[in-house]
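Colleague: I'd like to learn how to read a model like this one, feature by feature. Could you walk me through it?

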Amino acid sequence: MARMNEDGQWIVLMGFIVSAGIFFLALIISQSTLVGQTTAEAVIEFPKTEIQDLKTEVSYQTTVLINSYDELTGFDPNLLSYYNNYIADIKALTMARQNAVVDVTLPAEIYSTTYDRTWLHRIHYNNGITDYNQNETVTVLK
Amino acid sequence: MVDDAAQLYTIEGVAAGVIMLFTAFVVLSTTTIYAPGDTHLSEMQLEQMAYDALAMMDTPDSYGAESDLTHYIMTNNATYFNAGFLKYMGHSGYGLEAAAEMFPDEIQYSATVYYRDSGSGTVESYPFAQSARGEILGHEPAVTATQLVYIPGRPGSPPGNVVDNRQQIVLMEVLVWRG
Amino acid sequence: MIPSILIGIEAQTVDYDAVAYRTGVILCEDPGSPSYPDEAWEVKEYYKKDEVDRFGLAVSRDSPGILLPEKIERFFNGTFFDEQDIQDRMLFSNLPFGPYAYYVRLHLDDGTPDKFLASGSPIPQDPYGYIRRAVKVKGEHYMTINLADPARQYELTEEAQVNDTIGYLPILFNLTELQNDEIPKIYQINPYQDQVVINITDFSTTINPINPLSSVRLVGVTLYKGYGNSLTKVAGTFSSYEDDRYLFYIGNDQKSLSGDIYPTTAAAYDDIGLVLKPAMFAYLEPLPGDTIQVNFSFQYVFDSLPPCYDVLKGNNTPNLWTYGVYYDYNVSNVTQMPFTSGELEVVIW
């Protein structure tokens, strides 16, 4: 058998490798237009309603507690124990049903003038995907 | 002298190679187009409406009053809850077709109340209300809406209930689907 | 499955439902920008219209779904904001997808007619985006002073029984107490956000028939502002052109408070009504801790002297508010209406 002419083999091989490289680049550059989540999935995933609900409930109960504050005796002890129970309820329920960690701090006085008092408390919510922290100040008359 | 006898073969080979690469490229870069059902849009609208219904029922109409949802839970009144909830979810009757599709007359739901047992620290539940076909989950996807509700004592749930008799926060969870 | 190079050939590239959802959230859950405590978008005058960044109907950012009547009124007033404002500040439409056509409808359960805001073209069969939200509207509040109530009347001393005596009935706003966060914001009486209504009734029946008082005239309404006991009169608050700040009624007739008002004898009318809009409090610019006082001045003319009984409980010094009535959370002074339920629909195409 006549010897095969192997002279052009290198060139063809290089050409093949180059075209494979271009093909790979073309795949990368042609980005799909539907990458990522749809709008609705992003909306469902973000716990907007859970956080709003938590904020409303906690801030209402905190206001009730703050209104009971007396300079000499502090918070009303009954209301304080109720408040701690509410926070324990909320923590257990959100962990069980929403798989979320909730932490609420007791209100602490940060500022006081002659006729009003300002309180600060923190709300923390984390459901594994979204982490939410809030410092809320409430100013009430003395 | 350069022999040009093989040029045609080479060009043929290159052209074939390009066609094959192009085909491979087209095949590998196909993507799926989302059909409307895949976008989960109807679920988002349903969940927002269900949460709105619960939130409005849990807002007292004047300062110091009891909210509707607290009242329903305390009196264990599933009938009023059903009327109130479906009023928010139902067809508003204003003739927009999208409204008819989104909120058909057949919204099914199943509402459960979760509470914390302070003795054991665990979370328990009892079923609160259901719509007409509320026990059967159809093929339509279901969404959940929850609401934290303050109640001033032990709710009037079915006899034998073991909810603590104290002021507490419970969770009302409603599973909603079209069907 | 479609090759990605053919993806570019699409008939519709925008998700109208997502825009409708976003618009629904902006309207129902956001108070707008700027909002109280800055000069809110619903009280800005027409020449400052461009300072509004965004519309929103909620009372505050902590109260999603509870709407404020003043914001609803300004938003659904078709003449204040034009088409371009809506596109920029509510829909945020930008090329290549904008401008959107829209239709917003608010329905309230109290029987009042629905409010609409539409871009003009009719809603197509499809495609369009739609969302419906459940809302509640904050109730209005008002104060009614019934002058026939004996608690409102007292006897003038002999020395004071001079013709053309002027007596004052002060209504006071202690702003620190009103904006106290002890009460959640959705239930507060906030003169910067809500309109304040003062009704004075049974004016003509106040005058005791055997009383030699021949007439009582309402001479004027003035505003005072200040801290503690030192209130100073605010000049130029009522002029006939600034009727987005107040409304004044004698009986059922709307009148202007500028100039001479009140050629009225006691029998001519029975009810006086004054509505102070949030724009008025924004205009007054009280400092923190200030009190605003609204003074109704009455002038008495006596038939004969003495004795004389049963005139209005007031005092003779304009800025000493001893007998004033506070516009506060006391239910015997001010009635607060409960919330009204409703729904808001947004259609975008």
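Modeller: Sure, and keep in mind that this is a predicted model. Let's begin with a pair of strands: in chain C, strand 3 (residues 102-108) and strand 4 run antiparallel and are joined by 4 bridges. For a residue-level view, look at Tyr103(C), which stands opposite Ala118(C) in strand 4 of chain C.

Colleague: What packs on the sheet there, and which strands does it touch?

Modeller: Helix 2 of chain C does, touching strand 2, strand 3, strand 4, strand 5 and strand 19 of chain C. The direction of helix 2 makes about 45° with that of strand 4 of chain C.

Colleague: In what order do the strands of that open sheet come?

Modeller: Read the order across the sheet, not along the sequence. Here 5 strands of chain C are arranged 2-5-19-3-4, with mixed pairing. Strand 2 (66-67) and strand 4 (115-118) of chain C are the edge strands, each pairing on one side only.

Colleague: Which strands does helix 1 of chain C lie across?

Modeller: Helix 1 (residues 16-29) lies across strand 2, strand 3, strand 5 (129-137) and strand 19 (340-348) of chain C. Against strand 5 of chain C, helix 1 runs at about 15°.

Colleague: Back to helix 2 of chain C: how many of its residues are buried?

Modeller: Burial is read from relative accessible area, and buried means under 20%. Helix 2 (residues 69-76) of chain C is mostly covered, with 7 of its 8 residues buried. They are Pro69(C), Glu70(C), Lys71(C), Ile72(C), Arg74(C), Phe75(C) and Phe76(C).

Colleague: There's an arginine in that list. Why does Arg74(C) count as buried?

Modeller: Arg74(C) has a relative accessible area of 14%, so it falls in the buried class. This residue sits in helix 2 of chain C. Leaving aside residues up to four places away in sequence, Arg74(C) touches Trp41(C), Glu42(C), Val43(C), Lys44(C), Phe80(C) and Phe81(C).

Colleague: And which residues are buried in helix 3 of chain C?

Modeller: In helix 3 (residues 83-91) of chain C, the buried ones are Asp85(C), Ile86(C), Gln87(C), Arg89(C), Met90(C) and Leu91(C). Their cover includes helix 1, helix 2, strand 3, strand 4 and strand 19 of chain C.

Colleague: Now backbone torsions. Where does a residue that is not a glycine take a positive phi?

Modeller: Phi is worth scanning residue by residue. Phe92(C) is not a glycine, yet has a positive phi of about 50°, and it comes just after helix 3 of chain C. Phe92(C) belongs to the loop between helix 3 and strand 3 of chain C, and at 31% relative accessible area this residue is partly exposed. Glu285(C) also has a positive phi of about 50° without being a glycine. Glu285(C) lies in the loop between helix 5 (278-284) and strand 15 (291-302) of chain C, and its 59% relative accessibility makes it exposed.

Colleague: What about omega: which peptide bond is cis?

Modeller: One of them joins Ser33(C) and Pro34(C), with omega about -5°. The bond from Tyr36(C) to Pro37(C) is cis too, with omega near 10°. Pro34(C) lies in the loop between helix 1 and strand 2 of chain C, and Pro37(C) has its place in the loop between helix 1 and strand 2 of chain C.

Colleague: What is the order of the open sheet of 6 strands in chain C?

Modeller: The order is 13-12-14-9-6-18, and the pairing is mixed. Strand 13 (253-255) and strand 18 (334-336) of chain C each have a single partner strand, so one side of each has no neighbour in the sheet. From one strand to the next, the twist averages 25°. Within chain C, strand 6 (residues 141-146) and strand 9 (residues 196-201) run parallel, joined by 5 bridges. Met143(C) has Ile198(C) in strand 9 of chain C as its bridge partner.

Colleague: Next, empty space. How many cavities of 30 Å³ or more are there?

Modeller: The structure holds 4, and the largest has a volume of about 70 Å³. Its lining includes Leu68(C), Pro69(C), Glu70(C), His141(C) and Asp194(C). By class, the lining of the largest cavity has 2 nonpolar, 4 polar and 4 charged residues.

Colleague: Last one: what pattern does chain B follow along the sequence?

Modeller: Chain B has 5 helices and 5 strands, and they read α-β-α-α-α-α-β-β-β-β. Of the 179 residues in chain B, 44% are buried.

Conventions. Residues numbered from 1 in each chain as written. Chains lettered and ligands numbered in written order. Predicted model: local features only at pLDDT ≥ 70, side-chain atom pairs only at ≥ 80, totals over all residues. Heavy atoms only, no water. Buried < 20%, exposed > 50% of the residue type's maximum accessible area, 1.4 Å probe, protein only. Helix = DSSP H or I, 4+ residues; strand = E, 2+ residues; numbered from the N terminus. Pairing = 2+ DSSP bridges. Contact = heavy atoms within 4.5 Å. Axes fitted to C-alpha atoms, helices over the stretch in contact; angles between N-to-C directions. 1 Å grid on protein atoms, 1.4 Å probe; cavity = no way out; pocket = protein on both sides within 12 Å on 5 of 7 lines; lining within 4 Å. Points joined across faces, edges and corners; volume = space filled by probe spheres on them. Nonpolar A, V, L, I, M, F, W, Y, C, P; charged D, E, K, R; others polar.
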